[in-house]
Amino acid sequence: MKQLIALGFEGSANKIGVGVVTLDGTILSNPRHTYITPPGQGFLPRETAQHHLQHVLPLIKSALETANITPDAIDCLCYTKGPGMGAPLQVAAVVVRVLSQLWKKPIVAVNHCVAHIEMGRIVTGAQDPVVLYVSGGNTQVIAYSEGRYRIFGETIDIAVGNCLDRFARVLTLSNDPSPGYNIEQLAKKGALFLDLPYAVKGMDVSFSGILSYIEATAVEKLKNNECTPADLCYSLQETVFAMLVEITERAMAHCDKKDVLIVGGVGCNERLQQMMRIMCEERGGRLFATDDRYCIDNGAMIAYTGLLAYAHGMTTPLEDSTFTQRFRTDEVQAIWREKSLS
């Protein structure tokens, strides 16, 4: 029996990725390209979309060649419907519509957050964990229940990745390979811990006040030589990660689950993984986490999640293959989980 194959497109933020995946989770190819801006600057929607347009066709060619397949072998085309930035999302939506008509292939629209979870589950082997999803645009504590991925806690303002990225701009750290990675490296050299606001509100967290406080503190303390940039990065990481561990542990107690899976770009952070691992082990559970190949946005996660839906009879009509900046994790009917658990 032929193994189902999907081609997936991810372009919700500053990475454009194309992946080819089979239904058993085998990644045949997964090239991507990152839009990197100068130090101290973020990425704007219009310029990011132009970057994606420039790189998407070479990435498709590379993905097919590396996977050693032709379009004939592809069963479905998957793309990120949302959430994300409007202009970059539009690139993948347009490309997938064109290819669907050229190659006569069905389309499957995919939720970006759910794709991170399914990629994490297949790569790590985590069965039914509490999921901490942390990235530049999202911070959520999630667990599967009755057909959907339910959100038990989340940020009430900005995402943890956005908080770290914006602080990296204050210190004019390089955006290559990412601001968060450079904060992580600098934090390892920090020796002085500075007290910062700690904003956990029930199951939710808030990062905007911490960011405002440390931005103001940073300028003053650095000017007076009271601390180093490394101290500030160390203090910020320790504080925001402690908040994330606290709400994750609360969700574990509520859902009576022992294991945790960390997904999303910030999930690559080794200090976050270390803190979460200690908490899980104290509760008799395990931590599941991956490296930057799977944590960071990629086409394979979209292809794999779309293929799970396709294998259970779900496709997206051409007229509905749109994109949306807001697309909640718990809006998705995870039909493949229902069938596999029954």
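**Figure 1. Asp256 sits out in the open, with a relative accessible area of 72% that makes it an exposed residue.** Like every view here, this one comes from a predicted model. Look for Asp256 in the loop that runs between helix 7 (229-255) and strand 12. Its backbone is a bit of an oddity: Asp256 is not a glycine, yet its phi is positive, at about 55°.

**Figure 2. Lys104 is another non-glycine residue with a positive phi, here about 55°.** You'll find Lys104 in the loop between helix 2 and strand 6. So is Lys104 buried or exposed? Its relative accessibility is 68%, and since anything over 50% counts as exposed, Lys104 goes down as exposed.

**Figure 3. Gly82 and Pro83 are joined by a cis peptide bond.** Omega for the bond between Gly82 and Pro83 is about -5°. Pro83 belongs to the loop between strand 5 (76-82) and helix 2 (86-103).

**Figure 4. A cis peptide bond also links Asp176 to Pro177.** For the Asp176 and Pro177 pair, omega comes out at about 0°. Pro177 is part of the loop between helix 4 and helix 5.

**Figure 5. Glu184 and Asn269 touch each other, and both carry a UniProt "binding site" label.** That label comes from an unreviewed entry, which also puts it on Tyr133, Val134, Ser135, Gly136, Gly137, Asp165 and Gly180. Glu184 is in helix 5 (residues 179-187), while Asn269 is in the loop between strand 12 (260-263) and helix 8 (270-282). Zoom in and you'll see that neither has much surface showing: Glu184 has a relative accessible area of 7% and is buried, and Asn269 is buried too, at 5%. Setting aside residues up to four places away in sequence, Glu184 contacts Gln237, Asn269, Glu270 and Arg271. On the same basis, the contacts of Asn269 are Glu184, Gln237 and Phe241. Which residue makes a side-chain polar contact of 2.9 Å with Asn269? That is Gln237, whose side chain pairs with the side chain of Asn269.

**Figure 6. Thr155 is tucked into the loop between strand 9 (148-154) and helix 4 (160-170).** Thr155 is buried because its relative accessible area is 14%, and the cut-off for buried is under 20%. A polar atom of the Thr155 side chain lies 3.1 Å from the backbone nitrogen of Asp157. Beyond its neighbours within four places in sequence, Thr155 is in contact with Thr139, Val205 and Phe207. For a sense of scale, pan across to Glu319: its C-alpha is 33 Å from that of Thr155, and the two residues are 164 apart in sequence.

**Figure 7. Asn298 is a buried residue, with 0% relative accessibility.** It is found in the loop between helix 9 (292-295) and helix 10. What does the side chain of Asn298 reach on the backbone of Ala300? It reaches the backbone nitrogen, at 3.2 Å. A polar atom of the same Asn298 side chain is also 2.8 Å from the backbone oxygen of Ile296. Leaving out neighbours within four places in sequence, Asn298 is in contact with Glu10, Asn30, Arg32, Met119 and Arg293.

**Figure 8. The second largest pocket has a volume of about 260 Å³.** Its lining is made up of 16 residues, and Val108, Ala109, Val110, Met314 and Val332 are the closest to the pocket centre. Which strand gives the largest share of the lining? Strand 6 does, with four residues. Strand 6 (107-111) and helix 10 (299-311) each supply at least two lining residues. Sorted by class, the lining has nine nonpolar, six polar and one charged residues.

**Figure 9. Residues 32-304 carry the UniProt annotation "domain: Gcp-like", taken from an unreviewed entry.** Pull back to take in this stretch, and the chain over residues 32-304 is 51% helix and 16% strand. The C-alpha atoms at the ends of residues 32-304 are 16 Å apart.

Conventions: Residues are numbered from 1 along each chain as its sequence is written. This is a predicted model: local features need pLDDT of at least 70, side-chain atom pairs count only at pLDDT 80 or more; totals for chains, interfaces and linings use all residues. Side-chain values use heavy atoms; hydrogens and water are left out. UniProt positions are given in the numbering used here, feature names are shortened, and annotations may be inferred rather than shown by experiment. Buried means under 20% relative accessible area, exposed over 50%, partly exposed in between (1.4 Å probe, protein chains only). Contact means heavy atoms within 4.5 Å. A polar contact is a pair of N or O atoms within 3.5 Å; within protein, one must be able to donate a hydrogen and the other to accept it, and residues adjacent in sequence count only if both atoms are side-chain atoms. On a 1 Å grid over the protein atoms alone, a cavity is a set of points where a 1.4 Å probe fits but cannot get out, and a pocket is an open set with protein on both sides within 12 Å along at least five of seven lines; lining residues have an atom within 4 Å of a point. Grid points are joined across faces, edges and corners, and a volume is the space filled by probe spheres set on the points. Ala, Val, Leu, Ile, Met, Phe, Trp, Tyr, Cys and Pro count as nonpolar, Asp, Glu, Lys and Arg as charged, and the others, Gly among them, as polar.
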